[in-house]
Amino acid sequence: MWVSEIMLQQTRVETVIPYFEAWLRRFPTIGKLAEAEEQEVLRLWQGLGYYSRARNLHRAAREVMRRYDGEIPGDPTTLETLPGIGPYTSGAVASIAFQVPVPAVDGNARRVLSRLTDDPDPGWPTLRRWASALIDPEAPGDFNQALMELGSKICSPRRPKCGECPLSDFCAARRAGTQSERPAPRRRRSVPRLVEAVAVLLCEARPSRSGSDDVDSTTPTRRVLLRRRPSTGLLGGMWEFPGGPVAAGEDPLEVARRVGRSLVSQSDGSRLERHSDCAAVDLGPVQRLRVVDHAFTHRRLQYVPFLFRLSAQGPAPEGDSELMWMDPYEAAGVPIPVAQLKVLTQVFGPTGPP
DNA sequence: GACACGTGGCC
DNA sequence: TGGCCAAGTGT
């Protein structure tokens with residue numbers, strides 16, 4: 001219930017279902033979730049977006065174990081102290097799971113209330129007041145879910161089905177004919193378009209030892225260098241190919257070379273010597289990969305990836321867990337954002353489950 | 001209160 | 001293609 005509410009924030013039901021099922025298989029209890037590593041939690045969230053929800057849910061699970069003896073609190077005020085739980089989710093959990101008569105006003109409920117009253121932009125205090133006045137104290141969870149369901153199925157954002165709506169006789173917007181203009185749309189700012197050069201460093205190392213008939217010894221190990229993003233902010237904690245912003249008029253390839261060079265030479269010189277092939281980053285064969293366009297909510301990003309084939313693996317900076325050489329199997333086990341997955345599949349082919 | 005924060009579907 | 005939308009929260 002809690003997990004589903006978090007997953008459903010800003011996300012469609014059909015998208016959530018497979019994630020929800022996989023999640024409960026892996027984390028059947030709050031205790032299991034609390035024990036897990038954040039990396040695994042993010043891996044199960046991979047593709048769902050808004051990854052802070054996963055990090056917060058994980059932290060909240062640990063807090064529930066530590067402070068509430070593993071029992072989810074039923075009081076909305078207490079719920080809101082947990083990371084990732086705000087006014088909506090606290091109301092939803094408290095009313096649906098604990099029968100506490102509090103409102104749970106999401107975007108759907110807001111739209112219904114906005115139309116019922118023909119108020120183009122009701123504030124959240126107003127919405128809570130209206131919902132509180134209407135709520136059935138005997139079945140607050142059912143009421144809240146019904147209100148949201150009505151907004152989702154009948155009182156839809158576009159082309160509301162007023163003919164099927166049980167409340168159409170009481171609807172001020174319907175009377176005024178303004179239902180499709182309620183609530184008033186928020187004006188959006190234009191999203192900046194950015195270009196990012198991506199350096200895919202690929203190492204196909206054949207085993208140096210010969211004379212063995214072991215299959216593994218004839219199969220080259222293919223590894224790519226991945227970097228973990230800082231644990232907060234955009235795509236926090238997720239792994240991606242190293243890259244850098246491309247300024248207007250700048251050549252993406254030059255940026256990628258610069259990034260690649262800095263990575264293979266960032267350890268001490270002796271290691272570089274032993275891996276002299278790595279110095280060939282700026283000489284060696286460069287292969288253009290397919291450009292990946294990706295639209296976030298607040299920016300549009302164009303990833304321009306280049307594949308650098310190294311014949312030896314560059315120094316894996318020890319103690320630097322932000323940077324790691326990974327084979328296809330390892331890469332399938334760490335959380336990677338969707339756009340970077342599109343780059344990865346160009347190198348490794350499809351890997352692992354979504 | 002404004003802004004950051006992902007992704008996929010729709011038209 | 002590109003803009004808009006969808007079950008919010010944290011800072």
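Good morning, colleagues. I begin with Glu240, which is buried, with a relative accessible area of 6%. The model under discussion is a predicted one, and Glu240 is a convenient entry to its salt bridges.

The side chain of Glu240 meets that of Arg229 in a salt bridge, at 3.1 Å from N to O. Glu240 belongs to strand β3, residues 239–240, whereas Arg229 sits in the loop between β2 and β3, so this pair ties together parts that are 11 residues apart in sequence. A further group deserves mention here: Glu204, Arg222 and Arg309 are joined into one network by salt bridges that share partners.

How many salt bridges does the count come to? The count comes to 12 salt bridges. As a general point, side chains of opposite charge can pair when their charged atoms come close.

Two other pairs may be set beside the first. In one of them, Glu322 forms a salt bridge with Arg228, and the closest N and O atoms are 3.5 Å apart. Glu322 lies in the loop between β7 (300–310) and β8 (323–326), and Arg228 lies in strand β2 (residues 221–228), so the pair ties together parts that are 94 residues apart in sequence. Is each partner buried or partly exposed? Glu322 is partly exposed, at 31% relative accessible area, and Arg228 is likewise partly exposed, at 23%.

The other pair is Arg67 and Glu63, whose side chains meet in a salt bridge of 3.3 Å, N to O. These two residues are separated by about one helical turn, because they are 4 residues apart in helix α5, residues 52–67. Glu63 counts as buried because its relative accessibility, 14%, falls under the 20% limit.

I turn now to the nucleic acid, starting with DNA strand B. Around this strand there are 20 residues, and those that come nearest are Arg12, Tyr51, Leu235, Thr297 and Arg299. Of the atoms of DNA strand B that come within 4 Å of the protein, sugar and phosphate account for 60%. By residue class, the surface near DNA strand B divides into 9 nonpolar, 8 polar and 3 charged residues.

Which parts of DNA strand B lie opposite the polar atoms of Thr297, Thr11 and Leu234? For Thr297, a polar side-chain atom lies 2.4 Å from a base nitrogen of the strand. For Thr11, a polar side-chain atom is 3.2 Å from a base nitrogen of DNA strand B. Leu234 presents its backbone: an N or O atom there lies 3.2 Å from a phosphate oxygen of DNA strand B.

DNA strand C comes next. It is surrounded by 21 residues, of which the closest are Gln10, Gly84, Asp106, Asn108 and Pro157. Sugar or phosphate supplies 68% of the atoms of DNA strand C within 4 Å of the protein, and bases supply the rest. The residues of this surface divide into 8 nonpolar, 8 polar and 5 charged.

Three backbone contacts to DNA strand C can be listed together. A backbone N or O atom of Gly84 lies 2.3 Å from a phosphate oxygen of DNA strand C. For Gly86, a polar backbone atom is 2.8 Å from a phosphate oxygen of the strand. For Tyr88, the corresponding distance from a polar backbone atom to a phosphate oxygen of DNA strand C is 3.2 Å. The elements that give two or more residues to the surface near DNA strand C are α7 (87–98) and α8 (107–117).

Helix α7 also contains Ser95. This serine is buried, with a relative accessible area of 1%. Ser95 and Pro76 are 19 residues apart in sequence, and their C-alpha atoms are 8.7 Å apart in space.

A second serine, Ser168, is found in the loop between α10 (140–153) and α11 (172–176). At 14% relative accessibility, Ser168 counts as buried. What does the side chain of Ser168 reach? It reaches the backbone oxygen of Cys165, at 3.2 Å.

Finally, I come to the protein surface. Leu8, Val13 and Ile17 make a nonpolar surface patch of about 230 Å². Val13 has its place in helix α2, residues 13–26. With a relative accessible area of 46%, Val13 is partly exposed, and it qualifies for the patch because patches are made of residues with over 30% relative accessible area and no salt bridge.

Thank you for your attention.

How values were computed
Residues numbered from 1 in each chain as written. Chains lettered and ligands numbered in written order. Predicted model: local features only at pLDDT ≥ 70, side-chain atom pairs only at ≥ 80, totals over all residues. Heavy atoms only, no water. Near = heavy atom within 4 Å. Polar contact = N/O pair within 3.5 Å; in protein donor to acceptor, adjacent residues only side chain to side chain. Nonpolar A, V, L, I, M, F, W, Y, C, P; charged D, E, K, R; others polar. Patch = residues over 30% accessible without salt bridge, like charges linked within 9 Å, V, L, I, M, F, W, Y side chains within 5 Å. Areas by Shrake-Rupley, 256 points an atom, 1.4 Å probe, with all protein chains shown as cover. Salt bridge = Lys/Arg side-chain N within 4 Å of Asp/Glu carboxyl O. Buried < 20%, exposed > 50% of the residue type's maximum accessible area, 1.4 Å probe, protein only.
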